[in-house]
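Dear colleague,

I am handing over the structure below, and my notes on what was found in it follow directly after. Please read them with the coordinates open beside you.

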Amino acid sequence: MIDFRTGIGYDVHRLSENRQLWLAGVLIPHTHGLLGHSDADVAIHALCDALLGAAALRDIGFHFPDTDPRFKGADSKILLAQVTTLLSQNDWNISNVDITICAEAPKINPHIPQMKTVLAETMDITPDRVSVKATTTEQLGFTGRREGISALATALIFRN
Ligand code: MG
């Protein structure tokens with residue numbers, strides 16, 4: 001009997017000048033980047049929360065507090081790798097993950113193949129188990145005003 005669990009994740013970061021824009025593990029050329037204690041990769045943060053949520057292992061802020069100097073400027077891929085390790089230590093395997101990035105700009109679609117590759121490598125799963133999607137919010141709300149970027153994620157995990 002296979003035990004399946006699902007989880008969801010959501011995150012928002014503010015856009016700011018003089019910051020690099022990291023999304024789903026990929027550095028994207030843009031006029032602004034996301035502000036945060038780590039590299040502020042909003043897509044990876046939502047993904048980590050989806051994976052942790054599926055395993056009922058609290059959330060990213062619990063494991064990687066933004067008051068901890070070890071995570072200042074941290075590459076979020078390292079956080080995702082640690083979440084993956086935590087899941088495997090608890091006998092969980094990742095079936096698939098699905099991410100939606102909400103951003104008015106820049107264009108995300110050209111970067112999606114690379115995002116899939118990078119995320120799959122970081123989680124040690126095949127890219128066919130990783131979905132990354134992008135949408136605008138039709139110029140509505142904080143994402144529409146280019147004040148920030150949000151991301152949603154779901155994950156399905158299983159153990160035998
Ligand atoms: Mg975050």
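His13 has a relative accessible area of 15%, which is under the 20% cut-off and therefore makes it a buried residue. I should say at once that this is a predicted model, and that every value in this message was computed from it. Asp11 falls on the buried side of the cut-off too, because its relative accessibility is 17%. Both residues belong to the metal site, where the magnesium ion is coordinated by the OD of Asp11, the NE2 of His13 and the ND1 of His45, at 2.2 to 2.3 Å. Written along the sequence, the spacing of these donor residues is D-x1-H-x31-H. Please bear in mind that water is not among the atoms, so the site may look incomplete.

The chain as a whole contains five helices and seven strands, and read from the N terminus these elements follow one another as β-β-β-β-α-α-α-β-α-β-α-β. Five strands form an open sheet with mixed pairing, in the order β4-β1-β7-β5-β6. The edges of that sheet are β4 (33-34) and β6, each of which pairs on one side only. At the β4 edge, strand β1 (residues 3-16) is joined to β4 by two bridges, and the two strands run antiparallel; Leu15 has Leu34 in β4 as its bridge partner.

Strand β5 (residues 93-102) deserves a closer look. Seven of its 10 residues are buried, so the strand is largely enclosed by the rest of the structure. Its pairing with strand β7 (residues 148-159) is antiparallel and consists of nine bridges, whereas its pairing with strand β6 (residues 130-135) is parallel and consists of six. Ile101 takes part in both directions, since its bridge partner in β7 is Ala151, while in β6 it stands opposite Ala134. Val97, for its part, has Val130 as its bridge partner in β6. The connection between the two parallel strands involves helix α4 (residues 112-123), and together β5, α4 and β6 make a right-handed β-α-β unit.

Three places in the backbone are worth checking before any further work with the model. Most residues other than glycine have a negative phi, and most peptide bonds are trans. Against that background, the peptide bond that joins Ala105 and Pro106 is cis, with omega at about -5°, and Pro106 is placed in the loop between β5 and α4. Ala24 has a positive phi, near 50°, and lies in the loop between β2 (21-23) and β3 (26-28). Glu138 has a positive phi as well, near 55°, and is found in the loop between β6 and α5 (141-144). Are these two loop residues buried or exposed? Ala24 is buried, because its relative accessible area is 0%, whereas Glu138 is exposed, because its relative accessible area is 65%.

Finally, some values for the whole chain. A compact globule of 160 residues would have a radius of gyration near 15 Å, and the chain agrees with this, because its own value is 15 Å. The C-alpha trace spans about 50 × 35 × 25 Å along its principal axes. Of the 160 residues, 49% are buried, and the chain exposes about 8300 Å², of which carbon and sulfur atoms supply 52%. Among contacts between residues at least 6 apart in sequence, 71% join residues that are at least 24 apart.

With kind regards

Terms used
Residues numbered from 1 in each chain as written. Predicted model: local features only at pLDDT ≥ 70, side-chain atom pairs only at ≥ 80, totals over all residues. Heavy atoms only, no water. Donors = N, O, S within 2.8 Å, 3.2 Å for Na, K, Ca; no water. Buried < 20%, exposed > 50% of the residue type's maximum accessible area, 1.4 Å probe, protein only. Helix = DSSP H or I, 4+ residues; strand = E, 2+ residues; numbered from the N terminus. Pairing = 2+ DSSP bridges. Right-handed = clockwise from strand over helix to strand, strands pointing away. Rg over C-alpha atoms; globule rule 2.2 N^0.38 Å. Contact = heavy atoms within 4.5 Å. Areas by Shrake-Rupley, 256 points an atom, 1.4 Å probe, with all protein chains shown as cover.
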